[in-house]
Amino acid sequence: MSQIENSGSYTLGERRVHRLGYGAMQLAGPGVFGPPRDRAAALAVLRSAVEQGVNHIDTSDFYGPHITNQLIREALAPYPDDLVIVTKIGARRGDDAAWLPAFSAEALTQAVHDNLRNLGLEQLEVVNLRIMFDAHGPAEGSIEQPLSVLAQLQQQGLVRHIGLSNVTPSQVAEGRQICPIVCVQNQYNLACRGDDALIDDLARDGIAYVPFFPLGGFSPLQSSTLSELAQQLAVTPMQLALAWLLQRAPNILLIPGTSSLGHLRENLAVAQLSVSDEVMSRLNAIGA
């Protein structure tokens, strides 16, 4: 048994994946734009992740753009049979590296084909539709039009399963009326707890929840309680924050990202970390 199997597993679409995965966003250059500073290191991280048991990788063709998917293909193709690559569409990058909506039927269709080409796949296992009414967080508004386009691409056989990203609970409900939704990907971590009820609702229906920025993203988590408890347990604060997520709900799938082999090992070691009820209670209070 590999160490990562201790994290447990959960269904993502029709596939069973380990609950500790890998997010590839940080493999692109600064600001998720342009090529990595060290291409060989980026390839080594991807290969090491899979060698250590990761079978769920999160990516997008607007990381770079195109860079991250090209790295994944170079490092890992032909892909292991158990590897699930999840991508997302709905945004594009401006020449100034801005994150811009890309919701038109033409843009969404092109994005699916770009992901297929750069990953070297004939079908995308899971595609998340990222809703960009507000680039900084979920904002209400109907998602019927763009989601219907993605559902049509699914019917054409280009996409196997569909997820949603950066969405509100009402948008999740609307989406589930249009097509089956296998996962929701929103910002969530120890300090950002707005999706508590949504996570529990999705768990009851067997739908995966994939928190992005599980360690705070561009503004890393900072908490004296977290640091104190981590020191007591002889782990890093980030390891403890990830362990809290694993124990928070069985449908949470983690995709911590890094461009460092050392940080990758630290992240995957969380599979071995068990958190007591007392520690969980103190961690829960951080986001209260």
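Begin by selecting strand E8 (residues 124-130) together with strand E9, which pair in the parallel sense over six bridges; strands count as paired if DSSP finds at least two bridges between them, and the element names follow DSSP runs, numbered from the N terminus, with helices (H or I) of at least four residues and strands (E) of at least two. The model is a predicted one, in which local features need pLDDT of at least 70 and side-chain atom pairs count only at pLDDT 80 or more, while totals for chains, interfaces and linings use all residues. Residues are numbered from 1 along each chain as its sequence is written, and side-chain values use heavy atoms, with hydrogens and water left out.

**Stop 1: strand E9 and its two partners**

Colour residues 159-165, which make up E9, by accessibility, and six of the seven residues turn out to be buried, where buried means under 20% relative accessible area, exposed means over 50% and partly exposed lies in between, with a 1.4 Å probe and protein chains only. Now pick Gly 163 in E9, which is the bridge partner of Asn 128 and which also stands opposite Cys 183 in E10. Strand E10 (residues 183-185) runs parallel to E9, and three bridges join the two.

Adding the helices shows how the chain passes between these strands. Helix H4 (residues 144-155) forms a right-handed β-α-β unit with E8 and E9, and helix H5 (residues 169-178) forms another right-handed unit of this kind with E9 and E10; a crossover is called right-handed if, with the strands pointing away from the viewer, the path from the first strand over the helix to the second runs clockwise.

**Stop 2: the whole sheet**

Widen the selection to the seven strands of the open sheet, whose order is E3-E4-E5-E8-E9-E10-E11 and whose pairing is parallel. The edges are strand E3 (22-23) and strand E11 (208-209), each of which pairs on one side only.

**Stop 3: Asp 58**

Within this sheet, select Asp 58, which is found in strand E4 (residues 56-58) and is buried, with a relative accessible area of 4%. Which side chain does Asp 58 meet in a polar contact of 3.0 Å? The partner is the side chain of Lys 88, a polar contact being a pair of N or O atoms within 3.5 Å, of which, within protein, one must be able to donate a hydrogen and the other to accept it, and residues adjacent in sequence count only if both atoms are side-chain atoms.

Showing the contacts of Asp 58 (heavy atoms within 4.5 Å), and not counting residues up to four places away in sequence, brings up a set of neighbours including Tyr 22, Tyr 63, Val 86, Asn 128 and Gln 185. Ala 24 is also touched by Asp 58, and the two C-alpha atoms lie 6.0 Å apart in space although the residues are 34 apart in sequence.

**Stop 4: helix H2 and Asn 69**

Move to helix H2 (residues 67-76), which is largely enclosed by the rest of the structure because seven of its ten residues are buried. The buried residues of H2 pack against helix H1 (39-51), E4, strand E5 (84-89) and helix H3 (105-119). One of them is Asn 69, with a relative accessible area of 0%; leaving aside neighbours within four places in sequence, its contacts include Thr 59, Ser 60, Thr 87 and Asn 115.

**Stop 5: aromatic rings**

Select the rings of Phe, Tyr and Trp (its six-membered ring), which pair if their centres lie within 6.5 Å, with planes under 30 degrees apart counted as stacked, over 60 as edge-to-face and the rest as tilted. By this rule there are six aromatic pairs. Phe 62 and Tyr 63 form an edge-to-face pair, 5.5 Å centre to centre with 90° between the planes, and these two residues make one aromatic cluster with Trp 99.

Tyr 188 and Trp 244 form a stacked pair, at 5.9 Å centre to centre and 20° between the planes. Tyr 188 lies in the loop between E10 and helix H6 (196-204) and Trp 244 in helix H8 (residues 237-248), so the pair ties together parts that are 56 residues apart in sequence. Both Tyr 188 and Trp 244 are buried.

**Stop 6: the cysteines**

Finish with the cysteine sulfurs: a search of the whole structure finds zero disulfides, a disulfide being a pair of cysteine sulfur atoms within 2.5 Å. For Cys 183, the nearest cysteine sulfur is that of Cys 179, 11 Å away.
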